[in-house]
Amino acid sequence: MSPADSFKLALALIFALVSCSTGTHEIVLASTTSTEDSGLFEALLPAFRRAHPDYRVRVIAVGSGEALRLAERGDADVVLAHSPRAEEKFMAAGHGESQRPVMFNDFVIVGPEADGAAISGLRDAASALARIASSSARFVSRGDDSGTHAKEREFWATAGVEPEGSWYVETGQGIGAVLMMASEKQAYTLTDRGTYLSLRDQLLLTVLMEGDPALRNQYSVIVVRAASNLDGARAFARWITAPAAQKLIGEFGLERFGRQLFAPNAGRR
Amino acid sequence: MDVLLEGLREALGLLLSGDPYVWQIIARSLQVSGGAVILGLLVGIPLGTWLGLARFPGRGLAVALVNTGLALPPVVVGLFVYVLLSRQGPLGGLGWLYTPSAMIAAQFVLAAPYVAAITLAAVGSVPPELRLQARALGASRWQALLLHLREARLSLMAAVAAGFGAVISEVGAVMMVGGNVRGETRVMTTAIMLETRRGRFATAMALGLILLAFAFAANAFITRVQQAQPRRRRPLTS
Amino acid sequence: MENAKQAASGVPLLEGVKLIRSYDGRRVVDVEWIEIRAGEVLALLGPNGAGKSTLVRLLAALEAPDAGRVLYKGRDVAHDDPALRRAAAALLQRPYLWRGTVAQNVEFGLKTRRLPAAKRRARVRAALEAVGVAHLEDAPVDTLSGGEAQRVALARALALEPEILFLDEPTADLDVTVRRRLVADLERIVRHSAPAIVLITHDPGEAFALADRVAVMEEGQIVQTGTPADIFEAPATEFVASFTGAEFMLSGRLENAEEGTVIVRLDSGQTLECAGCGEAGRRVRVAYRPEDVVIALPGSSATSARNRFPATLARLHPQGGLVRLRLESDGLSLEAVITRHALEDLGLVVGTPVVAQIKASALHVFPT
């Protein structure tokens, strides 16, 4: 065997070793921080594994905006996002093979029990934010182009407020960190209900605004056209929208928090 | 490749045009890490000097602890400082969490062992007879000690550079206790993380270039100091 | 030194009484009594590890003794005593100069004494001139040679105009020629400067050349104190004798001779006359200095030397202008040092029969 052949063999061996962890059987799922922080995947993924023992799912928990950007670059096979406008653009640009609704929950505005800005009892989220902006209270924003951040910006736009100043705390972190910060600073923030409930015990925050139809938070699964594991991506999208997984989603949180965190709505809109 | 070149071009543009977002972050980084290093010097130099010169039982353990401090994982420091400063923590009343003060506190914990460890080594590299000679010329213990530190000053400056280099490029602790709040606790490292995630590579690269420049300057300085160490005369016997 | 002798009449400048110091259970200094008189040059002579440097640290109040007292002008002083610390300056074995220029170094002690800048400059200049390195005033210390550095270190101590100056082996680290010049300069400096000087040295030549008095140390103790002549001519112990150059010991027993004097019967059979060498019956060792052995050719006229041994020249060992000879005389080996000229005049080669002669007064007899 010539030295060049030895070298090639060594390279091949190295790649073989490396691909044990990142081989074709791995599905890269770019998801939102809310699904990770709430613990949903911990409940779902074991079931997926039982159904598809050949596949392993690697979850990259980032904001919806980043999740879609990862997918655009081909760094993710399948996306679970909750940023309808960004998703629309993504699909329109031809990056996605398919987009299917999976579940929804709702956003809530949480804040200190004392509710210094007195938003409790208001009818809609936009006016609640306007009230917060005009009071001396602080508001913690994701500030990271995530689905939650996108939703928040929609409300500011509706309220006609350009959020700026020391009361508006842009943190650039995931929803879990934002909730911890809001609790520490006794500030308001917009959060998905699931994450809030899962962290409620550690937080000095209470739900002050809920029920506005605009607060609905729809999650969709998108199979990425440039996926390196397209079969896996399709399998995952099929599985999570099928009745078995939908049932698991519907039951998630019942035991721990006494209420449903995500309402499955695959096949419906 | 295009992304990289394009990003670099835009990054230089941002820096040269004095982009306020970028420069404000750089200023905050310098304020936080500089403050932490100054506090680190105030604690690390006396501690390192003491450990370097005093002889007492348990000194070996103390030195080992200081050297372990060099390897303190920033996230662990972040965790402890977070718990201390959080509302339910013992120092929650300070209201420091998510402020630059908290970041300085965390980076101080990271910088102080660097300063102490390098001071310890620097002080030990000066022959103890130098202090004795100073005292033999009428200097008080304090004057002799200052002279000893003055002899080690190049190495002590290296301690500053090493401490600064260690904390300015640290991300775990400042992210945890600072929260990466725009305009307040966003520093170069946390901003680079965020901007990369948001796909704003130019901004991230602009900050990355500055960060590299700082790290390079600190290390270049340390290297120069190490090469400039003058030859020492043989230590005294008898 | 005349003024030294006069000053010695009063209270000693510095005294050490029953000083004891141990490191790690080893007694390094155990000195019954030592005094330093105003203006004198006292050499502490002894081999490495005899405790000289430690004794100096105790006397200079730089280190506390485990037991004993240090008295400065008759007053007990504690470790770190400010008055003594201001009055004394010490120059350690190696010139520990700190970074900066020569002037900055020499200025150091003056600064700690809070002397105004103008006075400092004048004293620095004077001190540098005294040791012959005035031209180096602004030189960075790391450009100095070993000899220059030692001179600067000396100037740094002299600038303080101390009452007592401790010099710890000031020439130990230097090349032979540099060293010879520094010793010559030291001699000039110590003769012309006011302070009492305690000179630590392991070199008897240096001690005898520079000191008014010599204290010989062995294993932490002072074994003999006296003028250089006392030490040289009447070493108190074998150690002092051998350390000051009389390294050649002959073993024997004291016997009564006919005239009522005492002689030494060497183990090799020969007898030696000695002056006041002790009681008959004791075993002794006899020391002499090779330079005190006189060589004559057989049959040459008698000399005053009482001890004469016919011998054969066994070995020649040139040492510069001198030649060291090994002589064999019926089982007795003797060493002698003569000049090269003498060697030529006598026409000595290996195997030449000679007569070796030693004056009785040149023998030092020690009981064993």
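Okay, let's start with confidence: chain A averages a pLDDT of 88, and 91% of its residues score at least 70. That's the predictor's per-residue confidence, from 0 to 100. This is a predicted model, so to speak of local features we need pLDDT of at least 70, and side-chain atom pairs count only at pLDDT 80 or more, while totals for chains, interfaces and linings use all residues. Residues are numbered from 1 along each chain as its sequence is written, with chains lettered from A and ligands numbered from 1 in the order written.

Within chain A, strand β5 (residues 139–141) has the highest mean pLDDT of the elements, 96, and helix α1 (residues 3–22) the lowest, 59. Helices (H or I, at least four residues) and strands (E, at least two) are DSSP runs, numbered from the N terminus. Over residues 19–23 of chain A, pLDDT stays under 50, and the model has zero contacts beyond four places in sequence there. A contact means C-beta atoms, placed from the backbone, within 7 Å. Where pLDDT is low, don't read the predicted coordinates in detail.

Now, helix α4 (residues 64–72) of chain A: seven of its nine residues are buried, meaning 20 or more other C-beta atoms within 10 Å of their own, again placed from the backbone. Among them are E66(A) and R69(A). What covers the buried residues of α4(A)? The cover includes β1 (26–31) and α7 (147–159) of chain A, together with α10 (188–197) of chain B. Just after α4(A), G74(A) has a positive phi of about 80 degrees.

Last, chain C: 11 helices and 20 strands, with 42% of its 368 residues buried.

Conventions:
A residue is buried if 20 or more other C-beta atoms lie within 10 Å of its own, exposed if 12 or fewer, and partly exposed in between; C-beta atoms are placed from the backbone. Two residues are in contact if their C-beta atoms, placed from the backbone, lie within 7 Å.
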